[in-house]
Amino acid sequence: MDSTSRQDWWRQAVVYQIYPRSFADSDGDAIGDLNGITTRVPYLAELGVDAVWLSPFYPSALADGGYDVDDYRDVDPRLGTLSDFDNLAAALHSAGIKVIIDIVPNHTSDRHPWFREALAAPKGSPARDRYIFRGGTGPDGSEPPADWTSLFGGPAWNRVPDGQWYLHLFAPEQPDLNWDNAEVRDDFRTTLRFWSDRGVDGFRVDVAHGLAKDLVEPLATLAHVGHEALPDGTHPLWDRDEVHDIYAEWRQVFNEYDPPRTAVAEAWVHPSRRRRYASPEGLGQAFNFDLLRADFDAGAFRQVITEHLDEARQTGASSTWVLSNHDVIRHPTRYGLPPDDKQQVAEAWLKSNGTTPELDRDLGLRRARAATLLLLALPGSAYLYQGEELGLHEVGELSPDVLQDPVFRRSGGLHKGRDGCRVPLPWTIDGPSYGFGAGPAHLPQPTWFGSVSVEAQASDPASTLRLYRSALAARRQLQAAETLDWIEGGGPTVLHFTRPGGWQCVTNFGTTAVPLPHGELLLASGPLDGDRLPPDTTAWLS
Ligand code: NOJ
């Protein structure tokens, strides 16, 4: 690799997200761990991914699946040790796979030494200044300082015994940090260096749009703006311009390394402002969740793709494509539910424990395979979520008593939460936890898991696992400059494009088969109908 491509490894990488507690359990305690991931490095290499993104593995009380971090520079003892991390990173690197870790800068956990110190310290102390403490309102201060609500439901303020309140935009166990505090800023740079020195290649930045807040008194009210970031950066909590000063400082740290460390922002911002996060002076890349939110529809896909490629041209970053992650209902399930009001239908389906409305599993999987093959042909990087290579559906069967996600409790049971996509992976057809570990799994796996396990799919050439393997291997060979040309003529329900070098991708979103374009067939997401492309199918040709 020459030095430019060495530096640019991320631009068109396939990044595989691992939710460590649910990937592989090496010691039979029901919780996935770092050594479990290490044992599966050959699997990841065979799958053909370029990088792995590890969701948080830090010490945590799991008030929010590990996004409540007690110590940013250590490993949760249930998941291993720092030396296990080093072994994992070494094993991945020797398999040619880069390592990206999750960094959670908006909030710590309430067990972080800083927060404990803040609680023990008096009002107005430097220890409290690392967080966002304020006096209450109302005659006796018993009302929160502002009307801000938590994204997990309920007020965003919690009262401490001396009467002050602290801000938590997520769970109360996740107090928000004060990014105007110099020590907070310094300490995160130390954390970035700590992991970069250990060989970490990049960072996924949690809630990247939330760090800078307007905390000038009187605090702004949210009553009229809600939680959507605004197109002009004036929201008191989200996507304020000042946040980019922080990332400019981080970029200096990233550039101390060779190759520079990379970063990708999780930033739920107005599309016109996403490019700031992706700029080379900032984090360098930002997630685009628009495909993940789009219906399985040619027009919707084309619009998102066109917009994002334009945006990438303007920033110099590469596009990011995502269909599933640990926060959303898996895409085969989304595509297999009635299309009416997507969000409501999906919520209703989850609440009915996966019974109503009826999920069309085959249709959902067919469409998921077609959408994935399309995504993998796009210029830019593809972020895959563990288990999607098995075509896993969301686990709808979880009963309320096993749920772990704070969303369920804090929404008073209104939203069932995100556990259904976090159920430990099935590796074998049977066994106590379908090969996840020697004992049970921390979330119950459904009985259909064995039939979609790695073992069940590995020897079946038509399986989703084999499709992913073939697609990733072919993509490696076919990958070219970051452009595409649309080919018109297939009608409004067909998307057809070529990449430099003659790689063609065609997807039939319609209801009847269409003629396959000329070319040599390389791969298809499902069976073809002679020389015709059936509905809900993608083909690659050269
Ligand atoms: C985004 C993460 O993806 C999600 O899982 C988490 O709950 C919130 N950020 C809060 O950290």
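This is a short talk on the fold of one protein chain and a few places in it.

Okay, thanks everyone. One thing up front: what you're looking at is a predicted model.

Let's start with the whole chain. We've got 17 helices and 17 strands in there. How does the radius of gyration sit against what a compact globule would have? For 542 residues, such a globule would come out near 24 Å, and the protein chain has 23 Å, so the two agree. If you'd rather think in boxes, the C-alpha atoms fill one of roughly 75 × 50 × 45 Å along the principal axes.

Now, burial. Of the 542 residues, 59% count as buried. As for contacts, take those between residues at least 6 apart in sequence: 66% of them join residues at least 24 apart. On the outside, the chain exposes about 20300 Å², with carbon and sulfur atoms supplying 52% of that.

And charges, since somebody always asks. There are 49 positive and 76 negative side chains. How far apart do the centres of the two sets lie? Just 1 Å.

Right, let's zoom in on a histidine. His235 is in the loop between strand 7, residues 202–205, and helix 8, residues 243–254. Is His235 buried or exposed? Its relative accessible area is 0%, and buried means under 20%, so His235 counts as buried. Who's around it? Leaving aside residues up to four places away in sequence, His235 touches Leu222, Val225, Gly226, His227, Glu228, Ala229, Leu230 and Arg240. Pick out Gly226 from that list: its backbone oxygen is 2.7 Å from a polar atom of the His235 side chain.

Next stop, a glycine in another loop. Gly163 lies between strand 5, at 157–159, and strand 6, at 165–167. With 15% relative accessibility, Gly163 makes the cut as buried too, because the limit is under 20%. To give you a sense of distance, Gly163 and Ser60 are 103 residues apart in sequence, and their C-alpha atoms are 27 Å apart in space.

Last one: helix 13, which covers residues 342–351. Which of its residues are buried? Those are Val345, Ala346, Glu347, Trp349 and Leu350. Notice that a glutamate, Glu347, is on that list. Part of the cover over those buried residues comes from helix 12, residues 331–336. Then look just past the end of helix 13, where Asn353 takes a positive phi of about 55°.

That's my tour. Happy to rotate the model if anyone wants another look.

Methods: Residues are numbered from 1 along each chain as its sequence is written. This is a predicted model: local features need pLDDT of at least 70, side-chain atom pairs count only at pLDDT 80 or more; totals for chains, interfaces and linings use all residues. Side-chain values use heavy atoms; hydrogens and water are left out. Helices (H or I, at least four residues) and strands (E, at least two) are DSSP runs, numbered from the N terminus. The radius of gyration is taken over C-alpha atoms; the globule rule is 2.2 Å times the number of residues to the power 0.38. Buried means under 20% relative accessible area, exposed over 50%, partly exposed in between (1.4 Å probe, protein chains only). Contact means heavy atoms within 4.5 Å. Accessible areas come from the Shrake-Rupley method with a 1.4 Å probe; for residues, only the protein chains shown count as cover. Lys and Arg count as positive and Asp and Glu as negative; His and the chain ends are not counted. The place of a charge is taken as NZ of Lys, CZ of Arg, CG of Asp or CD of Glu. A polar contact is a pair of N or O atoms within 3.5 Å; within protein, one must be able to donate a hydrogen and the other to accept it, and residues adjacent in sequence count only if both atoms are side-chain atoms.
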